[in-house]
2 protein chains.
Amino acid sequence: MNKVDLETSVNHHIALSAIMIKRVFFKILSENELTITPEQWNVLYHLSESGGFTVGELSKLTFKDFANISRITQKLEVAGLIKKRRDDADKRVFKLFITDSGMAIIEQLHQCAFESTNIALKGIDADNREVMLKGLKQILINTDTFLK
Amino acid sequence: MNKVDLETSVNHHIALSAIMIKRVFFKILSENELTITPEQWNVLYHLSESGGFTVGELSKLTFKDFANISRITQKLEVAGLIKKRRDDADKRVFKLFITDSGMAIIEQLHQCAFESTNIALKGIDADNREVMLKGLKQILINTDTFLK
DNA sequence: GGAGTATACTTGTCATGACAAATATAGAAA
DNA sequence: TTTCTATATTTGTCATGACAAGTATACTCC
């Protein structure tokens with residue numbers, strides 16, 4: 001029998017780390033009175049880099065499905081951080097843009113993300129971070145291939 | 001400004017990998033007609049290793065909060081895979097045990113977990129897996145310390 | 001032993017993730 | 001043009017995670 005040992009499972013530790021990192025990030029956001037979630041930050045980040053993405057494009061960029069992006073962007077719009085604009089050429093499509101209010105908190109959000117990175121990765125040297133990043137990117141390729 | 005680049009963020013790639021790994025695992029479980037979720041597997045795994053854990057103990061073991069374990073174990077009990085038994089000495093406490101039906105599928109579940117590990121980690125050699133595991137464990141320590 | 005506090009667990013609410021179904025618009029084929 | 005199919009997005013449902021509030025039992029201190 002191919003028994004799995006959770007104690008030494010990379011997969012399992014990725015799942016645990018993901019949850020813990022999210023908690024840290026969320027706590028730091030709260031401490032800075034930013035009422036935004038890590039997932040909303042993910043979307044807002046992309047829109048701060050380049051405006052005009054559609055729901056579908058954001059879905060690909062963030063590895064989330066249309067439904068999730070649809071709801072996350074609804075909340076961001078209600079919060080006044082982004083705007084959805086119907087495309088003139090294709091009326092099915094929304095183009096999304098960050099608002100001035102959105103841009104106004106981007107720097108703070110980057111700072112929070114930066115802090116939570118430092119907290120999470122303390123004591124892991126640059127070489128090992130490099131190995132981890134490369135491994136994680138490989139996992140994304142492997143899983144993406146399998147799910148196709 | 002301490003700008004974060006998602007493309008090279010270990011934190012971010014852990015979050016993405018966690019989601020993708022869960023999708024792969026869930027798909028493999030479905031293909032094997034196992035109607036159990038990765039989180040339910042996590043709880044069932046611990047109970048298959050050793051019976052009698054309380055909700056609180058499982059909560060610590062799985063890094064989830066009481067509320068989540070409470071609901072996950074409810075579903076596992078409804079599915080007939082585990083039993084909750086009131087402790088005689090302390091009537092607030094539940095002791096949890098895997099049932100025969102639960103034990104009957106453990107081997108299949110291990111096999112599914114094993115397969116999803118192989119899919120996710122393909123092309124990552126043992127040394128690098130070791131580095132990743134060590135880094136992830138460090139992240140758990142770091143984040144846990146911060147959240148205390 | 002009774003009051004207040006601590007502990008173990010449950011329930012409610014909201015955001016998210018998975019997935020299926022619904023809606024609206026585009027594009028292609030007849 | 002009409003019809004069929006494909007695409008973009010939304011909505012519904014359920015499981016989970018975070019967090020707050022509620023319930024029941026145990027413990028502590030007087």
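How many residues surround DNA strand C, and which are the closest? In this predicted model, 29 residues surround the strand, and the closest are A:Thr37, B:Arg23, B:Ser70, B:Arg71 and B:Arg92. A residue is near a strand if one of its heavy atoms lies within 4 Å of it. By class, this surface has twelve charged, ten nonpolar and seven polar residues (Asp, Glu, Lys and Arg count as charged; Ala, Val, Leu, Ile, Met, Phe, Trp, Tyr, Cys and Pro as nonpolar; the others, Gly among them, as polar).

Now look at the DNA side. Of the atoms of DNA strand C within 4 Å of the protein, 66% belong to sugar or phosphate and the rest to bases. A phosphate oxygen of DNA strand C lies 2.8 Å from a polar backbone atom of B:Gly56, and a phosphate oxygen is 3.4 Å from an N or O atom in the side chain of B:Lys84. A base nitrogen of the strand is 3.3 Å from a polar side-chain atom of A:Arg71. Among the elements that give two or more residues to this surface are helix 4 (66-78) of chain A and helix 3 (55-62) of chain B; helices are DSSP runs (H or I) of at least four residues, numbered from the N terminus.

How do the protein chains relate? A turn of 180 degrees, with a shift of 0.0 Å along the axis, lays chain B on chain A with an RMSD of 0.0 Å (superposed by least squares on C-alpha atoms of residues with pLDDT of at least 70 in both). That is the relation of a two-fold axis. Of the residues of chain B, B:Met132 comes closest to this axis, at 2.6 Å (C-alpha).

Residues are numbered from 1 along each chain as its sequence is written, while chains are lettered from A and ligands numbered from 1 in the order in which they are written. Local features need pLDDT of at least 70, side-chain atom pairs count only at pLDDT 80 or more, and totals for chains, interfaces and linings use all residues, while side-chain values use heavy atoms, with hydrogens and water left out.

Definitions and conventions:
Polar contact = N/O pair within 3.5 Å; in protein donor to acceptor, adjacent residues only side chain to side chain.
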